[in-house]
Amino acid sequence: MSLIRNGVVIDDPWIRLDDDTPATPGTRAIVSLKRWKAEKPRLIETLAGTGVLLKSNEAAEEIAGDLSVLEVVAVDFPAFTDGRSYSTARILRERYRYLGEVRAVGDVLRDQYGFMVRCGVDAFELADDVDSADWVKAVNEIPTAYQPAADGRSPLFRIRTDTPQDAWLAY
Amino acid sequence: MYQYDQYDHAFMANRVDQYRGQVSRRLAGDLSEDQFKPLRLMNGLYLQLHAYMLRVAIPYGTLSSGQMRKLAEISRTYDRGYGHFTTRQNIQFNWIKLEQSPDILAELASVEMHAIQTSGNTIRNTTSDPFAGAVAGEIDDPRVWCEIIRQWSTLHPEFSFLPRKFKIAVTGSEDDRAAIKVHDIGLALRRNEAGEIGFEVLVGGGLGRTPMIGKTIREFVSQRDLLSYLEAILRTYNLIGRRDNKYKARIKIMVHELGIDEVRRQVDAEWEHLRDGALVLPEEEIARIRAFFAAPAFETIETPVRSYEVARFEDQDFARWTKTNVAAHRQPGYGIAVISLKPTGGVPGDATAEQMEKVAELAERYSLGEIRVTHTQNLVLPHVRLSDMHSLWQGLSDAGLGTANIGLISDIIACPGLDYCALANTRSIPVAQRIQQRVDNIDRQHDLRELSVKISGCINACGHHHIGNIGILGVDRRGEEYYQITIGGRADENARLGDVIGPAVSYDEVPAAVERLLDAYVAERKDDETFIGTYERVGLKPFKEAVYVTD
Amino acid sequence: MAKVLTSNRLADGAVVYLDRQGDWTTDVLSARLLEGDDAIEKAEAAGRDAVARHHVVEAYLIDAELREGSVYLTRFRERIRAQGPTILFGIAGLKKKAA
C-alpha cells in the first residue's frame, strides 16, 4: 500500500477508521459517510483531523455542508469499471469549491491516473508500490484536454481561440 | 471536412504512444487481460470469433479519398484485403494482430483517423445523416455539431467508465436518415419561435434486448447550451445509471424505470450547475469548426442537364440505377450518388481493398474527394455533377459497385453474425444472400418498392432488425439456427419497432417465409403503397396467416 | 462428452487448441481430445499456465467428439471458429489448417 500525493510518494498521515473502532484522540482519521453522519460532533472534537470516505453510490451533496471541516475526502472505485467517483470528485471541486485532499482509493489502475487528476483527484492510495517518476509519466501521457474539467487545464477550444480562462474555475 | 490542427495531431501522437505502451505492457505480461481489455476497447480492438477485430471510427460517416485509400492499404497490409462498413458508419477489419495494432493506429493517425472510443463503456462515434451538407432543406449541417460533440467527448475524463456504451446521433433534416430515435441521445436541429437554431433533445432510444424509442427530454436547447446540457445528461447517467446488470445498464432503462419526467427533473437540476459555465463554446470556435463544413464551390449549372437525361434515355441499366441510387441534391445540376455494397450473393457492407481504392478514385474525380458511409452499410458520393453521373456509374459497375438496389429489398442490412462475431447465436450473412437470390429479378425488386430487410445474428441487434420493415433475428434453438421474424419496423422520423409475426423459423425456412410475406404484401396493397404502408393499413393478420399457413 | 481446450493467442489473436504435445496449435485436427476428469484437469492447468505466461488470452473447454477418427467440434460456432467464415469474400476463404 502506498500513497502518492501531488506526484510525491509520502507516508500516509491518515488512518482509515471502520465503523466500530473507537477514535483515538489526536489522530487524523477517515471514516465512512455513515459514521460521519452519526457521530460528527464527537469525531470533530476527538480527532486531530477528520476525513470521509464516499462509496461510489454516495453523493457529494451528502457532505457539502461539512467540507470546511473535512481535510480529506476519499472517493472509492470499488471496481475500476465503476466510474461514478469521477463525477463525485468533479462535483466536490467545481460545484463546492473543495480545496482539501481528494483521494482515490480502491481499484485504481495506472491508466486511470490521468482521468482522475483531471477530475480533481490529487492523492492516490495504491495497492502496490508506485514510482513517482512513473506516476508523473502516466498522468502526463495525454497533455491535451479537449474539454474543461476540474484541473483548471484550458480546454483546446479556449487555447485555440485564446479566450481568457474563466475566473470561476477552481484551482 | 474537419482538418486536424497542430493540437489534434499532438493529441493523436500521444494517444498512439500511450496505446503502444499499453500493448507492450500486455505482451510482456505486466497487464492482465482484465486490466488490458478496457484499454484496448477504448481503442476499438475487440477479440472476436476468429481474431482481433479493429473498429475504425469514421466520424459522422464522412471521409476523404485519401482516408479511404489508407483504409484500403491497411486492409491489404494488416488484414485480408477487405473491410466491413457498419450500421454506425464505422469500418471493421476482422483479422488484426494485437502486436501490429499500434502500428495500424499510427497509420490511421497519419491520415487523421483513429479508433478511439469505438468500443467500451464510453461515448461512441456520433453519427449523422449521410446526406448532410448535400441535401436540400437542412436547418443546419449536423456534422458541425457532430464534430463539436466528438471533440467534447474525446477522452472525457469523467465519462470514460460509464455504466455502458453511449451513442449519440444528430440530424439536420425533417427526414431522419440518422435514426436518432433509437439512440441514447438523439439530437434534431430545430428552429425556435424566434428563428434561432437549436436542438430538440431525445433520450433513451435504443435497440438490443429491450428496444425503445427515444423520448423528448427538452424541446429546445440553444447552440450555446448544447454541451453543458449533454454534460448534465451524461453526469446524471454516470451517477445513477444501473451498474448491477449489464443488460439493464443503458440510459434507456434508466428512462424506462424512472420515467422521463423524473429524468428531466434530475438532468435539469444538474444543468443548473453547469449552464453558463466553462462549457459555453466561444463563438469563434463554432465558426472555426463550421468553416470546415462550408459548402464547396459548386458550379452554376443549367437544368435540366441534357447529357444526363440523354444517358438515361439511351441506357436502361443506367436509368434504373439513377432511379434508386441518385438522390436530389440541394444544388441544381448535382446529385447524391449512393454506392450499393449489397450485390446479390455478396457480403452486405463489405468492400475489397480494390473497391475501396476505386471509390477513392471516383470520389476524387467526381465528388470533390468526399465520401460518406451510411448506416445501412452503403457508401455515398455526395456532390456529383449530373453530367458526370453516367461515367461514375460505369466506373462503379466495372468494380462491382453498380448494383441498382438502394432502398429495395435486396439492400439488406446484416450484421456480421456467427461467421465473424463471438456474440452471435446464428449467421446473418448467408441468410441475406439467400433472400437476395430469391428476389434476384430486378424488375420484381422495383415492383416491391422500398422495403428494408434487416438481419441481426443475436439480440444485440447490430443489424437493427427491430427497425426493419422486415426484421430477422437469429436465435439459438437447441444448437440449431432459428430466426424470429418481425414486420412493421421503421427507422425514420416515424420510427417504430417491428411486431413479431409468430414462432421462429429454421435457417432453411427463412427465404420461403420472406417470400410469403412479399406475396401477402402484393395481394393486399393498394395503389402505390409500400410494404410498410400496407402493413400500417391492414395490420399483422394477413401477413401472419400467409407465413404460418396450415396445409 | 469429451472436450478440447481452446483459446486465442495473445499476440496475434489466432484461434488455438491445446495439442497432444502440450503446445498450442491452430490445427483443430491436432487438438488433444480430453476424456475424463483427469485429462480435463491437466489441460485446464496447462491453460492457466499459458495465460500466466501471457501466451494465450483465456483458455476454455469446448465440447468435442471423435468422428471417423478425427476431432469433431460439436458446436457449430466452434466449427466456424476452427474453419473460418462460412461465406467466401475477398481473399478470406477458408482458414488454412496449418500446424
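Buried area here is the accessible area, taken with a 1.4 Å probe, that two parts lose on being put together, summed over both. Everything below comes from a predicted model.

**View 1. Chain C sits against chain B.** Put these two chains together and about 2,400 Å² gets buried, with carbon and sulfur atoms giving 65% of that area. On the chain C side, the top contributor is helix α2 (residues 76-83), which puts in four residues. Counting contacts, 23 residues of chain C touch 33 residues of chain B. Looking for salt bridges across this interface? The rule finds zero. Polar contacts do turn up, though: nine residue pairs, both partners at pLDDT 80 or more.

**View 2. Chain B meets chain A.** This pair of chains buries about 3,500 Å², 60% of it on carbon and sulfur atoms. On the chain B side, B:P157, B:F161 and B:A278 lose the most area to chain A, and together they make up 20% of what that side buries. The contact draws 43 residues from chain B and 36 residues from chain A.

**View 3. Charged and polar pairs between chains B and A.** Here the rule picks out eight salt bridges. One of these to zoom in on joins the side chains of B:R243 and A:D82, at 3.8 Å from N to O. There are also 21 residue pairs in polar contact, both at pLDDT 80 or more. Several helices of chain B supply at least two residues each to the side touching chain A, among them α2 (33-41), α6 (226-240) and α9 (283-292). The largest share of that side, eight residues, belongs to α1(B).

**View 4. Strand β7 of chain B and its partners.** β7 covers residues 168-171 of chain B; B:I168 and B:V170 point one way, B:A169 and B:T171 point the other, and all are buried. Strand β6 (residues 127-128) of chain B runs parallel to β7(B), joined by two bridges, and B:T127 stands opposite B:A169. β7(B) also pairs in the parallel sense with strand β8 (residues 185-191) of chain B, this time over four bridges. There, B:I168 has B:I185 as its bridge partner. Add helix α5 (residues 142-153) of chain B, and β6(B), α5 and β7(B) form a left-handed β-α-β unit.

**View 5. A closer look at C:S30.** This serine lies in the loop between β3 (24-25) and α1 (37-52) of chain C. C:S30 counts as partly exposed because its relative accessibility is 23%. Setting aside neighbours within four places in sequence, C:S30 contacts C:D19, C:R20 and C:T25. From C:S30 to C:R67, 37 residues apart along the chain, the C-alpha separation is 14 Å.

Key:
Residues numbered from 1 in each chain as written. Chains lettered and ligands numbered in written order. Predicted model: local features only at pLDDT ≥ 70, side-chain atom pairs only at ≥ 80, totals over all residues. Heavy atoms only, no water. Buried < 20%, exposed > 50% of the residue type's maximum accessible area, 1.4 Å probe, protein only. Contact = heavy atoms within 4.5 Å. Pairing = 2+ DSSP bridges. Right-handed = clockwise from strand over helix to strand, strands pointing away. Salt bridge = Lys/Arg side-chain N within 4 Å of Asp/Glu carboxyl O. Polar contact = N/O pair within 3.5 Å; in protein donor to acceptor, adjacent residues only side chain to side chain.
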